[in-house]
Amino acid sequence: AAGFEGVLERHGAEACVVRVGSILWIALQGGPAPRSFGAIDAQCAARYGELHRRMLEAGLWMAPSAYEVAFVSTAHEARHVERAVAALDAALAHGVPAA
């Protein structure tokens, strides 16, 4: 989560990382982190679709929907986390997806 947050901040993304334990989710909208389905902006979902495509191009499979989460487990080593952070950085290299 900290790695993703750093990348989002460096790229000036209006977004946040919502995390509970080892579960995390990238919310591509400004304001407070959404805590319910109804709090997710519809444009956030459209922006996430573009981010998902870019992440695939960068070599990382993320959940394909803005309404799904990612999980980190003991099977993930530091190199896996670093790779995920690098993929997000590459995905945002040409700007933050717009709706």
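This report describes one helix of a predicted model, a histidine within that helix, and the spaces enclosed by the protein.

## Helix H2 and its two sides

Helix H2 runs over residues 42-57, and at 1.5 Å a residue its 16 residues should span 22 Å, which agrees with the 24 Å that separates its end C-alpha atoms. At the N-terminal end of H2, Asp41 acts as a cap, since one of its side-chain oxygens lies 2.6 Å from the backbone nitrogen of Gln43. Just after H2, Gly59 takes a positive phi of about 95°.

The residues of H2 that are buried are Cys44, Arg47, Tyr48, Leu51, His52, Arg54 and Met55. Because these residues cover an arc of only 165° around the axis, they fall on the same side of H2. Ala42 and Glu57, by contrast, are exposed on the other side of the helix. Strand E2 (23-27) and helix H3 (78-91) are included in what covers the buried residues of H2.

## His52, a buried residue of H2

Among the residues of helix H2 is His52, and its relative accessible area is 10%, which means that it counts as buried, the cut-off being under 20%. The side chain of His52 reaches the backbone oxygen of Met62 at a distance of 3.1 Å. Leaving aside residues up to four places away in sequence, His52 touches Trp61, Met62, Ala63 and Pro64.

## The cavity

The structure holds one cavity of 30 Å³ or more, and the largest cavity has a volume of about 40 Å³. The residues that line the largest cavity are Leu24, Trp25, Ile26, Tyr48, Met62, Ala63, Glu68, Val69 and Ala70. Strand E2 gives the most to this lining, with three residues. Two of the names in the lining, Met62 and Ala63, also appear among the residues that His52 touches, while Tyr48, another lining residue, is one of the buried residues of H2.

## The largest pocket

The largest pocket contains about 370 Å³ of space. It is lined by 18 residues, of which Phe4, Ala70, Phe71, Val72 and Ala84 are the closest to its centre. Helix H1 (2-10), strand E3 (70-71) and helix H3 each supply at least two residues of this lining, and H3 gives the most, with five residues. Helix H3 therefore has a place in two parts of this description, as it helps to cover the buried residues of H2 and also contributes to the lining of the largest pocket.

Methods:
Residues are numbered from 1 along each chain as its sequence is written. This is a predicted model: local features need pLDDT of at least 70, side-chain atom pairs count only at pLDDT 80 or more; totals for chains, interfaces and linings use all residues. Side-chain values use heavy atoms; hydrogens and water are left out. Helices (H or I, at least four residues) and strands (E, at least two) are DSSP runs, numbered from the N terminus. The expected span of a helix is 1.5 Å times one less than its number of residues. Buried means under 20% relative accessible area, exposed over 50%, partly exposed in between (1.4 Å probe, protein chains only). The arc is that of the directions from the helix axis to the C-beta atoms. Contact means heavy atoms within 4.5 Å. A polar contact is a pair of N or O atoms within 3.5 Å; within protein, one must be able to donate a hydrogen and the other to accept it, and residues adjacent in sequence count only if both atoms are side-chain atoms. On a 1 Å grid over the protein atoms alone, a cavity is a set of points where a 1.4 Å probe fits but cannot get out, and a pocket is an open set with protein on both sides within 12 Å along at least five of seven lines; lining residues have an atom within 4 Å of a point. Grid points are joined across faces, edges and corners, and a volume is the space filled by probe spheres set on the points.
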